[in-house]
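The report below describes one protein chain through its fold, its core, its charged pairs and its surface. Please read it alongside the sequence and the model.

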Amino acid sequence: PQEARDAMASDIDYILLGRAAILHHDFPDLMRADPDFQPVALPASRDHLRAEGLSDTFVEYMAAWAGFVAPE
């Protein structure tokens, strides 16, 4: 979140969200509502990722990203 705030303060046109949007489907709203918002720590649980709308197939794909998905 701090990196996003810093980028917005530097007169940019837009920010691309990757991992942040995967971890929290509503990341921009969460940041706007709570300036102290902290995203879930990595590695994220499979249950958290599924609750954010990721399919089992995508969760398994994400498990190939080192340190992104917690081991079962």
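The pLDDT is the predictor's confidence in each residue, on a scale from 0 to 100. By that score the protein averages 92, and 100% of the residues score at least 70; the confidence is lowest in α1, with a mean of 83, and highest in α4, at 97. This is a predicted model, in which local features need a pLDDT of at least 70 and side-chain atom pairs count only at pLDDT 80 or more, while totals for chains, interfaces and linings use all residues. Residues are numbered from 1 along each chain as its sequence is written, and side-chain values use heavy atoms, with hydrogens and water left out.

**Overall fold**

Helices (H or I, at least four residues) and strands (E, at least two) are taken as DSSP runs and numbered from the N terminus. On that basis the protein has five helices and zero strands, and its elements run α-α-α-α-α from the N terminus on. Along the principal axes, the C-alpha atoms fill a box of roughly 40 × 20 × 20 Å.

Contact is defined as heavy atoms within 4.5 Å. Among the contacts between residues at least 6 apart in sequence, 53% join residues at least 24 apart.

A residue is called buried under 20% relative accessible area, exposed over 50%, and partly exposed in between (1.4 Å probe, protein chains only). Buried residues make up 25% of the 72 residues in the protein. Accessible areas come from the Shrake-Rupley method with a 1.4 Å probe, and for residues only the protein chains shown count as cover; the protein exposes about 5,000 Å², of which carbon and sulfur atoms supply 54%.

**The nonpolar core**

In soluble globular proteins, nonpolar side chains tend to be buried together. A nonpolar core is here a set of buried Ala, Val, Leu, Ile, Met, Phe, Trp, Tyr and Cys residues joined through side-chain atoms within 4.5 Å. The largest such core has nine residues, namely Ile22, Leu23, Ala44, Leu49, Leu54, Val59, Met62, Phe68 and Val69. Helices α2 (19-23) and α5 (56-62) each supply at least two residues of this core. Ile22, once its neighbours within four places in sequence are left aside, is in contact with Leu49, Glu52, Leu54, Phe58, Met62 and Phe68.

**Arg46 and the salt bridges**

Side chains of opposite charge can pair when their charged atoms come close. A salt bridge is counted when a side-chain nitrogen of Lys or Arg lies within 4 Å of a carboxyl oxygen of Asp or Glu, and by this rule the count comes to five. The table lists three pairs, including two that involve Arg46.

| Pair | Closest N to O distance |
|---|---|
| Arg46 and Glu60 | 3.2 Å |
| Arg46 and Glu72 | 3.9 Å |
| Asp56 and Arg50 | 2.5 Å |

Which residues are linked with Arg46 in a network of salt bridges? The network consists of Arg46, Glu60 and Glu72. Arg46 is found in helix α4 (residues 46-51), and it counts as buried because its relative accessibility is 11%. Glu60 is partly exposed, with a relative accessible area of 42%, whereas Glu72 counts as exposed at 83% relative accessibility.

Not counting residues up to four places away in sequence, Arg46 touches Val59, Glu60, Ala63, Val69, Ala70, Pro71 and Glu72. Among these residues, Pro71 lies in the segment after α5 and is exposed, since its relative accessible area is 72%. Pro71 and Ser45 are 26 residues apart in sequence and 7.8 Å apart in space, C-alpha to C-alpha.

In the remaining pair of the table, Asp56 counts as partly exposed at 48% relative accessibility, and Arg50 is also partly exposed, with a relative accessible area of 33%.

**A nonpolar patch on the surface**

Patches are made of residues with over 30% relative accessible area and no salt bridge, where like charges are joined within 9 Å and nonpolar side chains (Val, Leu, Ile, Met, Phe, Trp, Tyr) within 5 Å. Met8, Ile12, Ile15 and Leu17 make a nonpolar surface patch of about 300 Å². Met8 is found in helix α1 (residues 2-8), and it counts as partly exposed because its relative accessibility is 47%.
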